[in-house]
Amino acid sequence: HAVSYREAGIWSAVWIALALAFNALFYFYSSWKFTQIGLADAEGEARRVALEFLSGYLIEKSLSIDNIFVFILIFGYFAIPQKYQHRVLFFGIMGALVFRAAFVAIGAALMQFHWVIYLFGGFLILTGLKMAFAQEKEMDLSDNLAMKLFKKILPATHDLHGSKFLVKINGIRHATPLLLALIFVEISDIIFAVDSVPAIFAITKEPLIVFTSNVFAILGLRSLFFLLAGSSDKFHLLKYGLAVVLVFVGLKMVWLNDAFGGKFPISWSLGIILGTIALFMLLSVLFPEKKKANSG
């Protein structure tokens with residue numbers, strides 16, 4: 001069915017509440033565990049890991065907003081009706097969880113080498129600068145390499161066949177626009193994971209926190225999409241806020257952590273990330289994007 005704005009709002013609130021509930025349980029469990037092993041400042045350490053989860057969740061949630069804009073373009077290109085978009089996103093999110101687990105595992109292994117920290121940090125700084133200053137280009141999926149390769153493997157039809165991903169035409173199995181949209185949703189998530197996973201490793205080196213913060217942000221992605229899909233143009237300045245966040249977490253890895261004795265205060269990180277996102281969302285509302293006048 002077509003997901004209403006009200007339904008999307010309710011489910012977005014539910015997913016956020018579940019993430020916060022998990023964070024509270026994570027705090028209490030960590031406090032108990034650290035006390036059991038005789039850690040001197042068990043409460044302080046538990047507070048630290050809870051804030052690391054919250055910061056990672058906020059980073060992933062913020063970056064997923066940029067991902068949503070790409071989903072809108074994909075659904076528009078393949079002309080996917082709203083009542084089928086939730087089906088594509090459901091399977092897209094399931095695939096994203098698998099890919100994120102792989103990315104976290106690879107990242108955790110690489111983080112054992114100190115030079116990788118500077119590599120990740122430099123990459124995030126460059127990505128943030130590119131996001132802020134690079135000109136936006138119109139997405140041309142017809143000329144995409146993945147599209148060309150896929151069509152060589154499996155023929156595709158331009159017609160929708162209900163909610164089916166595959167359909168037989170003259171005895172030959174064809175991919176429907178739903179399957180093509182799903183493939184591009186997965187590709188876009190993999191591309192975004194290259195940014196978001198290193199960004200959370202800038203906050204914490206604990207793979208469990210990186211993965212769980214990713215999971216809770218991704219699980220709420222579908223409802224967040226339907227909540228923001230109709231108002232994506234209202235946050236036109238948000239990409240600059242995301243760019244600032246990426247540059248900040250990159251600087252944490254290459255400079256700030258060392259400058260603060262090995263660990264930049266996590267409470268400061270959370271405040272900077274939250275404040276930056278809130279500021280640029282507010283600026284987007286205060287200074288709405290000017291509509292281009294139709295010539296002629």
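**View 1. The lining of the second largest cavity, by class.** In this predicted model, the lining of the second largest cavity has six nonpolar residues, one polar residue and one charged residue. The residues in question are Phe71, Leu89, Gly92, Ile93, Ala96, Val185, Asp189 and Leu221. Gly counts as polar and Asp as charged. Helix 3 (82-110) and helix 6 each supply at least two residues of this lining. The largest share, four residues, comes from helix 3. The volume of the second largest cavity is about 40 Å³.

**View 2. The largest cavity and the residues around it.** How many cavities of 30 Å³ or more are there? The count comes to two. The largest has a volume of about 70 Å³. Its lining is made up of Glu60, Leu63, Ser64, Asn67, Arg100, Asp189, Phe192, Ser196, Ala217, Ile218 and Leu221. By class, five of these residues are nonpolar, three are polar and three are charged. Which helix gives the largest share of the lining? Helix 2 does, with four residues. Helix 2 (42-77), helix 6 and helix 7 (207-219) each supply at least two. Look for Asp189 and Leu221 here: they line the largest cavity, and they also line the second largest cavity.

**View 3. Phe192, a residue in the lining of the largest cavity.** Phe192 lies in helix 6 and helps to line the largest cavity. Is Phe192 buried or exposed? Its relative accessible area is 15%, so Phe192 is buried; the cut-off for buried is under 20%. Leaving aside neighbours within four places in sequence, Phe192 is in contact with Leu63, Asp66, Asn67 and Val70. Of these partners, Leu63 and Asn67 also belong to the lining of the largest cavity. Phe192 and Leu63 are 129 residues apart along the chain, yet their C-alpha atoms are separated by 7.9 Å.

**View 4. The largest nonpolar core, with Val88 picked out.** This core has 70 residues. Those with the most contacts inside it are Ile59, Phe71, Ile74, Phe75, Phe78, Val88 and Val249. Helix 6 (residues 177-201) gives the largest share of the core, 13 residues. Now focus on Val88. What does Val88 touch, not counting residues up to four places away in sequence? The partners are Phe75, Phe165, Leu178, Ala181, Leu182 and Val185. Phe75, like Val88, is among the residues with the most contacts in the core. Val185 also lines the second largest cavity, as does Phe71.

**View 5. Another nonpolar core, apart from the largest core with its 70 residues.** This other core has 13 residues. Among them are Phe34, Ala42, Ala50 and Phe216.

**View 6. Ser12 and its polar contact with Ser223.** Ser12 is found in helix 1 (residues 5-36). Its relative accessibility is 7%, so Ser12 counts as buried. A polar contact of 3.4 Å joins the side chain of Ser12 to that of Ser223. Apart from residues up to four places away in sequence, Ser12 touches Ser223, Leu224 and Leu227.

**View 7. Leu270 and the residues it touches.** Leu270 lies in helix 10 (residues 266-286). With a relative accessible area of 12%, Leu270 is buried. Which residues does Leu270 touch, not counting those up to four places away in sequence? They are Leu51, Leu54, Ser55 and Leu58. Leu154 is another matter. Leu270 and Leu154 are 116 residues apart along the chain, and 46 Å separates their C-alpha atoms.

**View 8. Two loop residues with a positive phi, Ala79 and Asn170.** Ala79 has a positive phi of about 55°, although it is not a glycine. Where is Ala79? Find it in the loop between helix 2 and helix 3. Its relative accessible area is 53%, so Ala79 is exposed; the cut-off for exposed is over 50%. Asn170 is not a glycine either, and its positive phi is also about 55°. The loop that holds Asn170 runs between strand 1 (166-169) and strand 2 (172-175). Asn170 is exposed, with a relative accessible area of 78%.

Definitions and conventions: Residues numbered from 1 in each chain as written. Predicted model: local features only at pLDDT ≥ 70, side-chain atom pairs only at ≥ 80, totals over all residues. Heavy atoms only, no water. Core = buried A, V, L, I, M, F, W, Y, C linked by side-chain atoms within 4.5 Å. Buried < 20%, exposed > 50% of the residue type's maximum accessible area, 1.4 Å probe, protein only. Contact = heavy atoms within 4.5 Å. 1 Å grid on protein atoms, 1.4 Å probe; cavity = no way out; pocket = protein on both sides within 12 Å on 5 of 7 lines; lining within 4 Å. Points joined across faces, edges and corners; volume = space filled by probe spheres on them. Polar contact = N/O pair within 3.5 Å; in protein donor to acceptor, adjacent residues only side chain to side chain.
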